[in-house]
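Let's take a walk through this protein, starting with the overall fold and then zooming in on a few helices, a pocket and some single residues. Keep the 3D view open as you read.

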Amino acid sequence: MTEPVAATRTPEHSPGPARLVALSDGIFAIAMTLLVINVAVPADLPAAAFHKALNDALPSLGAFALSFTLIAGFWRDHRRILTTLPVETTVVTRLTLLGLGLVALLPFPTGLLAEYASQPDAVALYASAMAAIHAVHATLLLLTQRQVHPSPTSPAALARRRFTTQLGSSVLVFGLSIPLAFVNTKAAMWFWITLVPAHYVIGHYRRRLPQP
């Protein structure tokens, strides 16, 4: 009897979470590095012009710091999701590649935010990218919940659901800031700060729930 083709395939020929993690690490590293391209001061400036150019670069530095922090969080979340998977499916691969494509695109909306923070379109585009990446991660968690934690009442499963809820709150905050940007761009950007207390409250509340 002929042995099934799937059983004769060697590990290097079948994609798995480890290879996706390696690919993800490279794309995250490149995206984080490209952010700094938007931060620059022209050379050979006189003192007055130098100080003005340095002051003008502050929005770019702020956008760099914000995006670097968020991408670092995405990278941490991405590894946390993928490294727990026992096997990798086509759906996981496609969702992962979608998320990586959005991450690779982030230097573009970051540059727009640095240069045109007063323009609703720039703020809305940045918020849309952030909401989309968080949505991809939340979807990955939901789709692989049973695969990773068959017992829904285990502490690890409860922690994973808390993680999913936090990602969902990020989608909500960035999503709500999109229409808000067309009303007041500054208010929309300040609204992003609500992510910090939202994540804290969700984590604190979930931990205090009685264990089944």
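**A walk through the helices**

Of the contacts in the protein with a separation of 6 or more, 73% are between residues 24 or more positions apart. Keep in mind that what you're looking at is a predicted model. Its secondary structure adds up to 11 helices and zero strands, and reading along the sequence gives you the pattern α-α-α-α-α-α-α-α-α-α-α. The protein has 212 residues, and 37% of them count as buried.

Let's begin with α4, which runs over residues 58-82. This helix has 25 residues and reaches 36 Å from its first C-alpha to its last, close to the 36 Å expected at 1.5 Å a residue. Which residues of α4 are buried? They are S60, A63, S67, L70, I71, G73, F74, D77, H78, I81 and L82. And what covers them? The cover includes α2, α5, α6, α7 and α9.

Next, have a look at α5, residues 90-105. With 16 residues, α5 spans 23 Å from first C-alpha to last, close to the 22 Å expected at 1.5 Å a residue. Its buried residues are V92, L95, T96, G99, L100, L102 and V103. They sit on the same side of α5, because they cover an arc of only 160 degrees around the axis. Turn the helix in your viewer and look for what lies over those residues: the cover includes α2 (17-34), α4, α6 (107-115) and α7 (120-143). So α4 helps to cover the buried residues of α5, and α5 in turn helps to cover those of α4.

Between these two helices there's a loop, and T84 lies in it. Is T84 buried, partly exposed or exposed? At 36% relative accessibility, T84 counts as partly exposed, because buried means under 20% and exposed means over 50%. The C-alpha atoms of T84 and P17 are separated by 8.6 Å, although these residues are 67 residues apart along the chain.

Now step over to V21, which has its place in helix α2. V21 counts as buried because its relative accessibility is 10%, and the cut-off for buried is under 20%. What does V21 touch, leaving aside its neighbours within four places in sequence? The answer is R79, L82 and T83. Take T83 as one of these partners: V21 and T83 are 62 residues apart in sequence, yet their C-alpha atoms are 7.4 Å apart in space. L82, another contact of V21, is also one of the buried residues of α4.

Time for the largest pocket. Its volume is about 630 Å³. Of the 23 residues that line the pocket, the closest to its centre are T69, L70, W192, L195 and V196. Where does the lining come from? Helices α4 (58-82), α9 (155-181), α10 (185-191) and α11 (195-208) each supply at least two residues. The largest share, eight residues, comes from α4. Sorted by class, the lining has 13 nonpolar, six polar and four charged residues. L70 is worth a second look here: it's among the residues closest to the centre of the pocket, and it's also on the list of buried residues in α4.

One of the helices that supply the pocket lining is α11, and Y200 lies in that helix. Y200 counts as exposed because its relative accessible area is 57%, and the cut-off for exposed is over 50%. Look for Q166 while you're there: Y200 and Q166 are 34 residues apart in sequence and 8.8 Å apart in space, C-alpha to C-alpha.

The last stop is N55, in helix α3 (residues 47-56). N55 is partly exposed, with a relative accessible area of 48%. Its C-alpha is separated by 9.6 Å from that of V41, and N55 and V41 are 14 residues apart along the chain.

Note on methods. Residues are numbered from 1 along each chain as its sequence is written. This is a predicted model: local features need pLDDT of at least 70, side-chain atom pairs count only at pLDDT 80 or more; totals for chains, interfaces and linings use all residues. Side-chain values use heavy atoms; hydrogens and water are left out. On a 1 Å grid over the protein atoms alone, a cavity is a set of points where a 1.4 Å probe fits but cannot get out, and a pocket is an open set with protein on both sides within 12 Å along at least five of seven lines; lining residues have an atom within 4 Å of a point. Grid points are joined across faces, edges and corners, and a volume is the space filled by probe spheres set on the points. Helices (H or I, at least four residues) and strands (E, at least two) are DSSP runs, numbered from the N terminus. Ala, Val, Leu, Ile, Met, Phe, Trp, Tyr, Cys and Pro count as nonpolar, Asp, Glu, Lys and Arg as charged, and the others, Gly among them, as polar. The expected span of a helix is 1.5 Å times one less than its number of residues. Buried means under 20% relative accessible area, exposed over 50%, partly exposed in between (1.4 Å probe, protein chains only). The arc is that of the directions from the helix axis to the C-beta atoms. Contact means heavy atoms within 4.5 Å.
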